[in-house]
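The following exercises concern one protein–DNA model. Each consists of a task and a solution worked in steps.

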Amino acid sequence: MDLLALVDCENFYASCERIFRPDLKKVPIVVLSNNDGCVIARSKESKDFGIQMGAPWFKVKEGFLKSGGQVFSSNFALYGDISSRVMSVLSQMSKKIEIYSIDEAFLDLENLAIESHDAANDFGVYCRNIVKQWVGIPVRIGIAPTKTLTKVASYLAKQQTHYPGIFSITNNQKDIETALKRVPIHQVWGVGRRLNKKLSDSGMKNAYDLACSNIPLIRKKYSVVLERTVRELRGERCLAMDENPAPKKQIVVSRSFANKISDLNTLSPIVNDFGVRACEKLRKEGQLCSKVGVFIRTSPFRTQDRQHQTIKFYTLHQPSDDTRDILSSIRWILPKIFRHGFCYAKAGVMLSQFTDENVLQYELFEQINGARRNNQLMKTLDKINHSSTQVNFASQSKIGFTAMRRANVSPRYTTSWFELPTVN
DNA sequence: TCTGGGGTCCTAGGACCC
DNA sequence: TCTGGGGTCCTAGGACCC
């Protein structure tokens with residue numbers, strides 16, 4: 001039987017924080033977004049306490065802390081490192097693995113020749129134990145014939161008591177049908193807020209109803225995307241394993257501000273910071289970009305304020321990964337979109353239209369070995385700034401990303417020599 | 001006072017080409 | 001009277017995901 005497994009880290013960020021704080025084993029934990037704005041991860045105890053995903057922190061803070069909860073600002077240096085450890089363990093479980101997100105991976109179990117529920121569950125138990133023991137992260141495992149069905153299995157794994165955290169669906173219509181009937185329609189992978197409303201309105205309650213729907217009609221009324229979902233729910237593989245993720249098509253660096261900004265002189269150095277960071281990512285990807293976008297927006301939550309949001313692009317004459325090119329694009333765009341009299345709450349820089357740095361097409365009249373081309377400046381800059389920023393552009397802000405509120409950040413236990421955990 | 005950040009894919013429509 | 005057919009590329013907007 002040809003099966004896939006979805007391995008999903010449980011409450012990932014909260015679990016990462018717990019590795020180094022075993023004293024918090026039973027304590028409710030939440031992790032906050034950048035700027036300590038809202039809740040982006042919760043331990044099981046916090047979910048039980050009633051903290052919603054995405055809840056604004058200032059609204060739930062008091063009740064949560066009073067009840068003995070522990071809060072963390074996000075620490076992506078830590079989560080990224082723990083993630084790569086989990087993925088490296090999973091890579092030993094299967095030859096074919098697709099790292100789908102920071103806390104999820106699909107494994108192709110083809111080589112394991114699993115023929116029964118028992119065999120599938122045994123694999124799940126083995127995998128779960130190893131990751132827990134070697135990295136310290138609890139994982140949930142859904143095993144099924146298609147990706148969408150592994151998501152279904154993963155959802156059902158939450159409710160498992162016999163094999164906690166593990167659920168398998170074999171390639172058997174009856175088996176699939178039973179599982180689908182237990183999954184509410186909005187839990188189906190690919191059904192978001194809008195589709196949930198439309199599908200529910202047309203009488204579908206669970207995944208089984210969706211799987212039974214008429215495919216040509218689904219395609220006509222909705223899209224080819226939903227058609228694939230329906231087929232996958234029926235056990236037909238439409239979404240392939242993607243072991244070598246395609247290069248990025250877009251890079252965005254954006255932040256909300258701790259304090260609203262209403263003048264251009266304050267705003268531009270900060271947007272320049274975003275541009276600098278975006279270029280670092282671009283060079284790491286080995287890509288050149290042709291299009292630079294800048295967006296700014298006021299806070300949609302302050303309904304009493306006048307609202308303004310906009311985005312504008314600049315197309316470079318020549319693809320580039322040179323920070324100076326991107327900064328001058330920003331210098332061109334920003335004054336054109338900025339309006340006086342608005343309190344801006346967020347801004348961002350977006351790079352797109354990429355070409356590979358090795359297949360650069362020069363312009364007809366470009367001087368190929370001009371001073372700006374083939375220069376080592378950016379490489380040297382990246383090298384110097386590798387571990388921490390030492391050299392800045394004059395147009396950047398002096399405070400940079402440190403202007404963010406991060407009141408409760410944990411140490412970078414695994415990625416900084418100065419923040420190693422200590423044992424007393 | 002205080003509400004995240006970073007992505008992907010699909011579709012429709014317009015411009016343009018032969 | 002009567003105004004084609006087939007295609008690409010780009011953009012904006014919508015929907016979804018983690």
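**Exercise 1. Describe the domain division of chain A in this predicted model.**

Step 1. Read off the domain bounds. Domain 1 of chain A comprises 7-114 + 122-143 + 407-424, and domain 2 comprises 250-363.

Step 2. Note how each domain is written. Domain 1 is given as the segments 7-114, 122-143 and 407-424, while domain 2 is given as 250-363.

Step 3. Place the domains relative to one another. Taken over C-alpha atoms, the centres of domain 1 and domain 2 are 31 Å apart.

**Exercise 2. Establish the strand order of the sheet containing β2, β3 and β4, and locate the helix that packs on it.**

Step 1. Determine the order. The sheet is open, with 3 strands arranged as β3-β2-β4 and with mixed pairing.

Step 2. Identify the edges. Strands β3 (39-42) and β4 (70-73) each pair on one side only, and they are the edge strands.

Step 3. Give the twist. From one strand to the next, the twist averages 25 degrees.

Step 4. Add the helix. Helix α1, residues 12-19, packs on this sheet and touches β2, β3 and β4. The direction of α1 makes about 115 degrees with that of β2.

Step 5. Examine one pairing in detail. Strand β2 (residues 29-32) runs parallel to β4, and 4 bridges join the two. In this register, Ile29 stands opposite Gln70 in β4.

**Exercise 3. Characterise the protein surface near DNA strand B.**

Step 1. List the surroundings. There are 24 residues around DNA strand B, and those that come nearest are Arg228, Val252, Ser254, Ser256 and Arg302.

Step 2. Ask which part of the DNA is approached. Of the atoms of DNA strand B that come within 4 Å of the protein, 71% belong to sugar and phosphate.

Step 3. Inspect the polar contacts to phosphate. The backbone serves in two cases: an N or O atom of Val252 lies 2.7 Å from a phosphate oxygen of DNA strand B, and a polar backbone atom of Ser256 is 2.7 Å from a phosphate oxygen of that strand. Arg302 instead uses a polar side-chain atom, which lies 2.7 Å from a phosphate oxygen of DNA strand B.

Step 4. Assign the surface to elements. Two or more residues each come from α3 (57-66), α11 (224-233) and β9 (250-261). Strand β9 gives the most, with 8 residues.

Step 5. Classify the residues. The surface near DNA strand B has 9 nonpolar, 6 polar and 9 charged residues.

**Exercise 4. Carry out the corresponding analysis for DNA strand C.**

Step 1. List the surroundings. DNA strand C is surrounded by 15 residues, of which Ser101, Asp103, Lys151, Gly190 and Leu195 are the closest.

Step 2. Ask which part of the DNA is approached. Sugar and phosphate make up 100% of the atoms of DNA strand C that come within 4 Å of the protein.

Step 3. Inspect the polar contacts. An N or O atom in the side chain of Asp103 is 3.1 Å from a sugar or linking oxygen of DNA strand C. Backbone atoms face phosphate oxygens of DNA strand C at Arg193, where the distance is 3.5 Å, and at Leu195, where it is 2.7 Å.

Step 4. Assign the surface to elements. Strand β5 (97-101) and helix α8 (193-201) each supply at least two residues. The largest share, 3 residues, comes from α8.

Step 5. Classify the residues. Near DNA strand C the surface has 5 nonpolar, 4 polar and 6 charged residues.

Technical notes
Residues numbered from 1 in each chain as written. Chains lettered and ligands numbered in written order. Predicted model: local features only at pLDDT ≥ 70, side-chain atom pairs only at ≥ 80, totals over all residues. Heavy atoms only, no water. Domains from an automatic or database assignment. Pairing = 2+ DSSP bridges. Axes fitted to C-alpha atoms, helices over the stretch in contact; angles between N-to-C directions. Contact = heavy atoms within 4.5 Å. Near = heavy atom within 4 Å. Polar contact = N/O pair within 3.5 Å; in protein donor to acceptor, adjacent residues only side chain to side chain. Nonpolar A, V, L, I, M, F, W, Y, C, P; charged D, E, K, R; others polar.
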